Amino acid sequence: MTKLTGALAVTALISAGQLAHAEGSSGITVDLEIETAAISTFSADDPAAEFTDVNTEVTLAAEIELGGGFSIFSEVLLETVVDPTDDVFFDNHGLFISEIGLAYGNDNFSAAAGKISPAFGLAWDAAPGYFGADVAEDYELGDSIGASVEVPFNLAGGEHSVSAAVFYLDTTLLSRSTITKRGRTTTANGGAGNTEKLDNFALQFTGAFGDTEYNLSFRQLSAGVGDIGDDKGVSLGLQHSFGDFTVLGEVASFDNFNGTADDVTYGTLGASYTMDKWTFSGSYTARDGVADADDYLASIGLDYDFGNDLVVAVGLNQFEEAGQKSNAVALSVYKAFSFGG
C-alpha cells in the first residue's frame with residue numbers, strides 16, 4: 001500500500017465515522033474539502049528547482065454542539081509535510097490534527113480553547129489566484145495551543161469584530177503526523193512562539209464599511225531557544241468590491257521575523273474579475289528583508305466554477321527568492337462537501 005493510499009484510507013475512516021454521527025444528530029456538522037493539484041516548475045535559474053509536484057490536500061472539519069452555547073471543534077489535515085526536491089507523485093503526505101478544542105458562543109462573544117489557529121492578517125487567505133497567497137502564507141499563524149475570544153460590534157452602520165488570542169506553538173503529541181512523519185516539535189527547535197508559555201498574543205480588528213472590508217492585526221511572538229529577539233508584527237489589509245471586480249491590498253511589517261535578525265516587510269496587491277462561471281485574477285507580493293534579499297511573487301490565474309462547490313483552477317507565476325528566479329504552472333481541482341447541521 002502506498003503512503004497516499006494509506007493516508008486516504010485513514011481519512012476515509014475518519015470521515016465515515018464523523019458522517020455516521022452526523023446522520024443521527026442535527027447537532028453535528030462536518031465539512032470536507034479536497035484539492036488535488038499538479039505544480040510544475042518549468043524553468044529556473046537553479047536547474048535543481050525544476051520539477052513537478054502532484055499532491056492532494058484534504059481538510060476534514062467537524063463541530064459537535066453540546067448545548068448551552070458550547071461545542072467541540074476539530075480539524076484534520078492531510079497534506080504535504082516534507083517539501084519536495086524532485087519529481088513527486090502523491091508522496092510526502094502527512095495526516096495530523098490541526099485544530100481541536102472546546103468553544104463557547106452567544107450573541108455577545110465567542111471563545112475557544114485547545115489547539116487553535118490565531119487570527120492574524122488577510123492576504124495569506126484572501127489573495128486571489130492559485131499562487132496568490134503563497135508568499136503571504138509566511139506569516140499565517142497555526143498549530144498553536146491556547147485560547148481566543150472574539151467580540152462583535154456595530155460601528156457606523158457596519159459590522160465589526162475584535163479578536164484576541166494567547167498561545168504557544170504546539171509541542172504536544174498533536175504536533176506529530178502519521179503516514180509521512182514530520183516529527184514532534186520541541187522547544188529545542190527554537191522559533192518565535194515556541195515557548196510552552198502563554199506569552200504570545202495576537203490581536204485583530206475586522207469589519208466592513210459598505211463594500212470595503214478591512215483587517216488590522218498585531219502580534220508578538222516571544223523568542224524561542226537560540227532566537228535573536230521577539231517577533232513583533234503588524235498588518236493592515238483592505239478589500240473592496242466593485243460589483244464583479246474585487247481588489248485587495250495588504251502591508252505587513254515585522255521586527256525580528258520568526259525570531260531572526262531580519263526585519264521583514266510584505267506588500268500584497270491582488271485583483272479578480274468574475275464573469276459568469278469564470279474568475280480571472282492577478283496578484284503581486286513583494287517581500288523585503290529576508291536574509292537581506294528583495295523577493296517577489298507575480299501570478300495570474302483563471303478559475304472555472306462548475307457549481308456544487310466544484311472548481312477547476314490554473315495558475316502561472318514567476319517567483320524570485322534570494323536572487324534566483326523560477327517560473328511555475330499549476331492545475332488544480334477543488335471539491336467541497338457539507339453534512340449535518
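1. Where is the place of Asp276 in the chain? Asp276 sits in the loop between strand S14 (264–275) and strand S15 (278–290), and the model in which it is seen here is a predicted one. Its phi is near 60°, a positive value in a residue other than glycine. With a relative accessibility of 72%, Asp276 counts as exposed, because the cut-off for that class is over 50% relative accessible area.

2. Asp309 can be read alongside Asp276. The phi of Asp309 is near 60°, which is again a positive value in a residue other than glycine, and Asp309 is placed in the loop between strand S16 (293–307) and strand S17 (310–321). The relative accessibility of Asp309 is 48%, so this residue counts as partly exposed.

3. On the overall architecture, the chain contains two helices and 18 strands. For its 341 residues, a compact globule would be expected to have a radius of gyration near 20 Å, and the chain, having 20 Å, agrees with that expectation. Taken along the principal axes, the C-alpha atoms fill a box of roughly 60 × 50 × 45 Å. Where contacts in the chain join residues at least 6 apart in sequence, 54% of them link residues at least 24 apart.

4. As to surface and charge, buried residues account for 39% of the 341 residues in the chain. The chain exposes about 16900 Å², of which carbon and sulfur atoms supply 57%. There are 13 positive and 50 negative side chains in the chain, and the centres of these two sets lie 9 Å apart.

5. The aromatic residues deserve a point of their own, since the structure holds 17 aromatic pairs. In one of them, Phe120 and Phe254 have their ring centres 5.9 Å apart and their planes at 50°, so the pair is tilted. Phe120 belongs to the loop between strand S6 (110–116) and helix H2 (123–126), whereas Phe254 belongs to strand S13 (residues 245–255), so the pair ties together parts that are 134 residues apart in sequence. Phe120 and Phe254 are both buried, and the two are members of one aromatic cluster that also takes in Tyr139, Phe257 and Tyr266.

6. Which residues form an aromatic pair with 6.3 Å centre to centre and 35° between the planes? These are Phe242 and Phe245, and their pair is tilted. Phe242 is exposed, its relative accessible area being 51%, while Phe245, at 35% relative accessibility, counts as partly exposed. Phe120 and Phe254, by contrast, are buried.

7. Is Val149 in strand S7 buried, exposed or partly exposed? Val149 lies in strand S7 (residues 144–155), and with a relative accessible area of 35% it is partly exposed. Not counting residues up to four places away in sequence, Val149 touches Phe109, Ser110, Ala111, Val162, Ser163 and Ala164. Ser110 is also where strand S6 (110–116) begins. The C-alpha atoms of Val149 and Gly121, which are 28 residues apart along the chain, are separated by 16 Å.

8. Val311 can be described in a similar way. This residue is placed in strand S17, the strand that spans 310–321 and that follows the loop of Asp309. Val311 has a relative accessible area of 21% and is therefore partly exposed, given that buried residues are those under 20%. When its neighbours within four places in sequence are left aside, Val311 is in contact with Asp303, Tyr304, Asp305, Ser332, Val333 and Tyr334. One of these residues, Ser332, is 21 residues from Val311 along the chain, and the two C-alpha atoms are separated by 8.2 Å.

9. A last loop position to look at is Gly68, which is found between strand S2 (52–67) and strand S3 (70–80). Gly68 is exposed, with a relative accessible area of 65%. From C-alpha to C-alpha, Gly68 and Ala192 are 37 Å apart in space, and in sequence they are 124 residues apart.

Technical notes: Residues are numbered from 1 along each chain as its sequence is written. This is a predicted model: local features need pLDDT of at least 70, side-chain atom pairs count only at pLDDT 80 or more; totals for chains, interfaces and linings use all residues. Side-chain values use heavy atoms; hydrogens and water are left out. Helices (H or I, at least four residues) and strands (E, at least two) are DSSP runs, numbered from the N terminus. The radius of gyration is taken over C-alpha atoms; the globule rule is 2.2 Å times the number of residues to the power 0.38. Buried means under 20% relative accessible area, exposed over 50%, partly exposed in between (1.4 Å probe, protein chains only). Contact means heavy atoms within 4.5 Å. Accessible areas come from the Shrake-Rupley method with a 1.4 Å probe; for residues, only the protein chains shown count as cover. Lys and Arg count as positive and Asp and Glu as negative; His and the chain ends are not counted. The place of a charge is taken as NZ of Lys, CZ of Arg, CG of Asp or CD of Glu. Rings of Phe, Tyr and Trp (its six-membered ring) pair if their centres lie within 6.5 Å; planes under 30 degrees apart count as stacked, over 60 as edge-to-face and the rest as tilted.
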